[in-house]
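User: I'd like to learn how to read a structure feature by feature. Could you walk me through this one?

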Amino acid sequence: MILATLGSNKLVTTLDAIMTELFTGIKPDKILILREDNNITQLNLLPVLETLGLKSEVEVKVLGEGIKNWREGLKGVNIDIADITPGRKYMAVAVLNYSNAKEIRYAYLKEEDRGYHIFGYVPLSEITVYNIRTGEPIKYEALKTVKGEKEVTLRVDSLQALLNLYRLLGNVEFDYNVSPEEEEMCEFRAGFKRFAEEEEIRKLVDDYLFLADTNVYIKLGDRIRGLTWSKEKGARLLPSKVVYNELLGHTNSTQKGNEDLKFHLAMGSFRRIHKQLPVSEVRKGGDVGIIEEAKALKKELPDGLAIITADEKLSIAAQSQGVKSIYLHKKVNGKGYESEFLYCLSAYSRVSILVNGEEYSFLPKHQFLTDKMVKLVNVNKDYNYGYMLSKLEEILHQKI
């Protein structure tokens, strides 16, 4: 059986289409990738396919640009199932009209911008695969794995994909042992809890630049980058030398007690958000230092500047000295990301991932506090999706 799909300028969409079709239960002898250019002439999917017990031949076929080339190029190309989700519209139209495919499929995702992630990151319950010629939806299957290493290292996006794939099997829950304060911090960093004042940041983002206090990097983590991003002007969060020095002071020690782990998590967020270190010459630290830093920056900036803080005293002191501040204090519930939550929790505790009450894998307490990676240990060898995702990661991040 031959499965064909379209080559996209974003490799992830082509891989997602292939994996989505495999999880409908088909077992192709050949996977054919139809492209308009030769930027990718071969793709080694064997490590992923072997995880699922498949040995499909993979061929990349270049048809050129334009409908005429595709009409001619598709002549004599045998296809059983064609997935036309990725690629350009004319490529999909050509396959629909000029190929001999017995079945044409399309994976419909309402929020298309969420689709540019590793397979599984978007729950399959939110993606409907349609048989285009009949209009009927096609069901998914929870595929079993036949091989794979027990222990892998995954990006956080892939951890979310793992959880979503487990949901093909049933209810997913977590077991861990952390303090209420640690749990709440992780809920904030993941977005399950938020501050009502975050909306104020969004309203000001086009007109203001921001400095964030140390407690913001601790409590909001990487989320502060999205809150301070302007579609019109880009990144609006400036790196604070005072905050960097404070984080450095807490993280220089090789001994990581539980109390210090929050600073390591915060430093990880700081380094991921700010690619260049701050250059401010302010020498004082603490509240006085960050206010002086803000006042000095204000003189050089064309836009307004505001300090974001979860410290009421700092907020009041800044306002009294003519520096606008946004005081984060009113807690509300929000929609968050489980993988971010588990990444944070596993800095403090072993985290068990349960499917229908049975442990399928776990995250040992880790030290990947800067790299945004997690170590995953598989327990159920029949569903070693962690290993499969690690092989997909290798393809997505290799230079082809």
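Analyst: Happy to, and keep in mind that this is a predicted model. Let's begin with a single residue: F341 has a relative accessible area of 7%, so it counts as buried.

User: And which ring does F341 pair with?

Analyst: Here's the general idea. A pair of aromatic rings is described by the distance of the centres and the angle of the planes. In this model, F341 and Y176 form an edge-to-face pair, with 5.9 Å from centre to centre and 85° between the planes. Y176 sits in the loop between β9 (172-175) and α6 (180-190), while F341 belongs to helix α14 (residues 338-345), so the pair ties together parts that are 165 residues apart in sequence. Y176 itself is partly exposed, at 25% relative accessible area.

User: How many aromatic pairs does the structure hold?

Analyst: There are 13 aromatic pairs. Take Y166 and Y360: their ring centres are 5.6 Å apart and the planes meet at 75°, so this pair is edge-to-face. Y166 is in helix α5 (residues 156-166) and Y360 in strand β19 (residues 358-363), so parts that are 194 residues apart in sequence are tied together. Y166 has 0% relative accessibility, so it is buried. Y360, at 9%, counts as buried as well.

User: Which residues form an aromatic cluster with Y166 and Y360?

Analyst: They form one cluster with F23, F119, Y383 and Y385.

User: Where do charged side chains sit over rings?

Analyst: Look at K10, whose charged end sits over the ring of Y116, 5.2 Å from the ring centre. Then find R350, which lies over the face of F362 at 3.8 Å from the ring centre.

User: Let's move on to strands. What should I know about side chains in a strand?

Analyst: In a regular strand the side chains alternate between the two faces of the sheet. Now look at strand β2 (residues 30-35), which is mostly covered, with five of its six residues buried.

User: Which strands pair with β2, and in what sense?

Analyst: Strand β1 (residues 2-6) pairs with β2 in the parallel sense, over five bridges. In that pairing, L6 of β1 stands opposite L34 in β2. Strand β3 (residues 57-62) also pairs with β2 in the parallel sense, over six bridges. There, K30 has E57 in β3 as its bridge partner.

User: How does the chain get from β2 to β3?

Analyst: It passes through helix α2 (residues 46-51), and this β-α-β crossover is right-handed. A right-handed β-α-β unit is also made by β1, helix α1 (residues 11-22) and β2.

User: What about empty space: which residues line the largest cavity?

Analyst: The structure holds one cavity of 30 Å³ or more, and the largest has a volume of about 40 Å³. Its lining is made by G7, S8, L11, T14, I33, R35, I40, L43 and V60. The elements that give two or more residues to this lining are α1 and β2.

User: And how much space lies in the largest pocket?

Analyst: About 1100 Å³. It is lined by 37 residues, and the closest to its centre are R114, Y121, K335, G336 and Y337. Two or more lining residues come from each of α5, α6, α9 (223-227) and α14.

User: Which of those elements gives the most to the pocket lining?

Analyst: That's α14, with five residues. So we end on the helix we started with: α14 also holds F341, the partner of Y176.

Notes. Residues numbered from 1 in each chain as written. Predicted model: local features only at pLDDT ≥ 70, side-chain atom pairs only at ≥ 80, totals over all residues. Heavy atoms only, no water. Phe/Tyr/Trp six-rings, centres within 6.5 Å; stacked < 30°, edge-to-face > 60°. Helix = DSSP H or I, 4+ residues; strand = E, 2+ residues; numbered from the N terminus. Buried < 20%, exposed > 50% of the residue type's maximum accessible area, 1.4 Å probe, protein only. Lys NZ or Arg CZ within 6 Å of the ring centre and 35° of its normal. Pairing = 2+ DSSP bridges. Right-handed = clockwise from strand over helix to strand, strands pointing away. 1 Å grid on protein atoms, 1.4 Å probe; cavity = no way out; pocket = protein on both sides within 12 Å on 5 of 7 lines; lining within 4 Å. Points joined across faces, edges and corners; volume = space filled by probe spheres on them.
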